[in-house]
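Work through the following exercises with the sequence and the coordinates at hand. Each one sets a task and then solves it step by step.

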Amino acid sequence: MMKDGAIHRRVLDYAYTDTATLYRDFHISEQGYTEKQVEESRTQYGSNILSGRASDTVLYRLRRAFVNPFAIILLILASISFVTDVLLASNFSRNMTTVIIILSMLLISGVVRFMQELRAKSVADHLIGMIASNILVRRNNRWVGLSSTELVVGDQVRLLAGDRVPADIRLTAADDLFVSQSVITGESAILEKNTDVLAQEKARSYGEYTNIAFMGSAVIGGTAEGVVLAVGKDTVYGGFSGTQSSEKNGFDQGAGSIAWVLIRFMTILIPVVFVACGITQGDWFSAFLFALSVAVGLTPEMLPMVINACLAKGSAIMGSKQTVVKNINAMQGFGSMDILCVDKTGTLTGDSLILEYYMDILGNESQAVLDLAYLNSLYHTGVSNHLDAAILKYQEMPGKDGHFQELEKMHPKLDELPFNHERKFASVLVKGKEKNLLIIKGSVDEVCRRCGFVEYKGNRNVMEEDGLVSVHAVVDEMTEDGMKVLAVAYKELGQDYLDTKDEQNFVLLGYLAFFDAPKQTAAAAISKLQKLHVGIRVLTGDQESVAISICRRLGIDTAETLTGAQLENLSDDEAPIKIERTTVFSELSPKQKAQIAETLQSNGHTVGFLGDGMNDLPAVVESDVGISVDTAAEAVREGADVILLKKDLNVLEEGIKEGRKAFANVSKYIRITASSNFGNIFSIVVASVFLPFFPMTSVQLLLLNLLYDMLCLVLPWDNVDEEICARPLEWSGRTLGRFMRFFGPISSFFDIITFSYLFFVLCPSVCGGSFAALAEGGQLRFIAVFQTGWFLESMWTQVLILHLLRTQKVPMLQSRPSRPVMVVTMLGILFFTILTFTPVGTLIGLTALPLSYFGFLVVIVLLYLLFVTLAKGRYLKKYHELL
């Protein structure tokens, strides 16, 4: 699994091989490849396009948007309702309301999803456009400009300043070539590249492959030529197509899981209702229509609307907290996210180095070291870097500006030899009091090798043979703590110009220690996230020692770490286990970041990824919740689901809480509605066996379901207990069936008591006799009273059960619903009850009931609520969760 995530074996082999062997192995001549060789190479090694693009069409995205389990359910139900309520209904009772509502839900949810699919496709296309560019290629004995997508392994290419490297390339010629590999590692350092053959096993990180230009890297300065060794998915950056971006595992799979639970209940209940009603009533056609109505009654038709309302409300709240939620599905992802992957640079750290120590050779603070380092950085005209910027910031310190101005005035620049990769230090010659000063600053090992003396407190001594050992005794502790250490040395020079021959016999003065300091808010934010049971994983392209040091300072467990190279060597069986246990990943390629996120998802986690660089884009898109910042690269902002206006992990804490609230309110609707509907239908099955008529007509059942669902649209504004938001919530149908089977029959039990009261007590007293003893007109009155009685009991219990099952606590006393929920549900009960006394109620077969029934209704509802309270306690004791 992970072995595709790093540098391709072919690139590794030729980094350690001379160019003559490279030209011989790939049959490359001075004329470049012929068209025949190009086709042969493309057949053997593949094309230079990111994988999976062929099938990524608008039609493919349209199919994904509208073809899913829940959409299929809604379409079937709309068809059923059209048949029962329109085609087979009389002119008087014909009603298109249910059909229109269901189709509207289907259309709205499909269009919203299609818009998100098109946005995801736009992200992938943008990525292709960024990587794809025109490049100079040697073909048929001439240099021609071709699209980078036409490149094949073995092509000779020419790189110029401003180009983006179009493939993984072995350099064969380089003239002052400087590149930025931030698209690979996320680090902004500028690297010099050359053509030298690497020493065996010398390179450990991407920055140390000095003769390889990786795909996506930017050419900052200089020119180069090279041979293409890896294209498309074989490159370090390759293998990301963007087609996975719409497959947000948590939301889509969760919705599909819930849909399939409902489908399974339908496939069992519909045939049972059909057979039971057909046998007892003798009218198989009416039984068939009633069974189809049961299917509609079981399904929460308003689910897409309630979901969108909950998620949109959470998104609106986040908008007031410096967060832009581009994809409202991400609010659910926030709610169920249990792992947050973060890039180190700019997220945990401030993305700017700090000069933490300037010291003499024994580690004591030394102003002389800072002064010489300041002059070296001030006059160095090579490629700018964070190290020089950190040194020069000292002139802004209070009371120090005059000191450095005087220093600059006393020591004007005479000459310099800029930093290069071979020497690994920069030399600057400045004017001194008596003799000129040659100051060098750079790699500890390289500077010390040029030193013949050491200076301590103004005393100069000859450096001993084991001087480098003494040096490392001082600096190694700092490097192990994640610091970047440079050495500073000087020598007096009589001339006013420089030559490389002069770079010998320096006096070692001291060291500079730089640190990419953690953000002040990072440690507190991580602690808050951990209290919310969100695990933190650090994924960075930076060196292992630096990553570990930062994480230790922030309280992140560093017991288990992995580098990109170690990750590459894991087997398919080892990778999921090792990745699950690891908290700090370093020296990663962009592809490896995405694969880690994918592996964590496969392990059952809902994964968020916070990043801002192009090296983070594949992982941002692959994760369940892609998070970026407003200062990120354009493609990353496009690919993210959430944009933070402030790059602060504290903002994420608010997002997680709001996501969990939105999730909890959606879960309330799904579970309570589905279990209530299941209870009603189970009651119908029982009643159909014993009653000589249908306990409720198809129209009444659909109306009850529709009106109840409309009341549930207030749920997004409900309060949510803090205990529910304390842990990630699972978005799936895994426990939905269990919830329905547990609470649904309780509703059925009280329905059956109500049936008995209506059939044997109320209806005979109102109609003047038992059903069998009445004439046809009396029987119709008997049926209307019975159906109205159950309509009211079912509606009262369904609405009031919302208050009972919306919280694990005692409702009203320990946990109060929000005012909108309280007002809407009480008004809903009042409205539905009054409906039975109106002409509208008469049109759908309802009738006014005597006041004595309402006394019975109050008692039966109170008993039902008491019984459900006891059952809820048992359910919590057994399963330890409600929603």
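**Exercise 1.** Determine whether strand 22 is enclosed or open to its surroundings, and state how its two faces differ in the residues they present.

Solution. Begin with burial, where buried means under 20% relative accessible area, exposed over 50% and partly exposed in between (1.4 Å probe, protein chains only). By this criterion 5 of the 5 residues of strand 22 are buried, so the strand is largely enclosed by the rest of the structure. Next, separate the faces, recalling that in a regular strand the side chains alternate between the two faces of the sheet. One side of strand 22 carries V625, I627 and V629, the other G626 and S628, and both faces are covered.

The model is a predicted one, in which local features need pLDDT of at least 70 and side-chain atom pairs count only at pLDDT 80 or more, whereas totals for chains, interfaces and linings use all residues. Residues are numbered from 1 along each chain as its sequence is written, and side-chain values use heavy atoms, with hydrogens and water left out.

**Exercise 2.** Identify the partners of strand 22 and trace how the chain reaches strand 22 from strand 21.

Solution. Helices (H or I, at least four residues) and strands (E, at least two) are DSSP runs numbered from the N terminus, and two strands pair if DSSP finds at least two bridges between them. Strand 21 (residues 607-610) pairs with strand 22 (residues 625-629) in the parallel sense over 3 bridges; G608 stands opposite V625, and L610 has I627 as its bridge partner. Strand 23 (residues 642-644) also pairs with strand 22 in the parallel sense, over 3 bridges, with I643 as the bridge partner of S628.

**Exercise 3.** Place these strands in the whole sheet and find which strands stand at its edges.

Solution. The open sheet has 8 strands in the order 8-23-22-21-9-18-20-19, with mixed pairing. Strand 8 (323-325) and strand 19 (561-563) stand at the edges, and because each has a single partner strand, one side of each is left without a neighbour in the sheet.

**Exercise 4.** Find the ring over which the charged end of R158 sits, and the ring whose face lies under R553.

Solution. A charge sits over a ring if NZ of Lys or CZ of Arg is within 6 Å of the ring centre and within 35 degrees of the ring normal. For R158 the ring is that of W143, with the charged end 4.1 Å from its centre; for R553 it is F515, at 3.9 Å from the ring centre.

Note on methods:
A crossover is right-handed if, with the strands pointing away from the viewer, the path from the first strand over the helix to the second runs clockwise.
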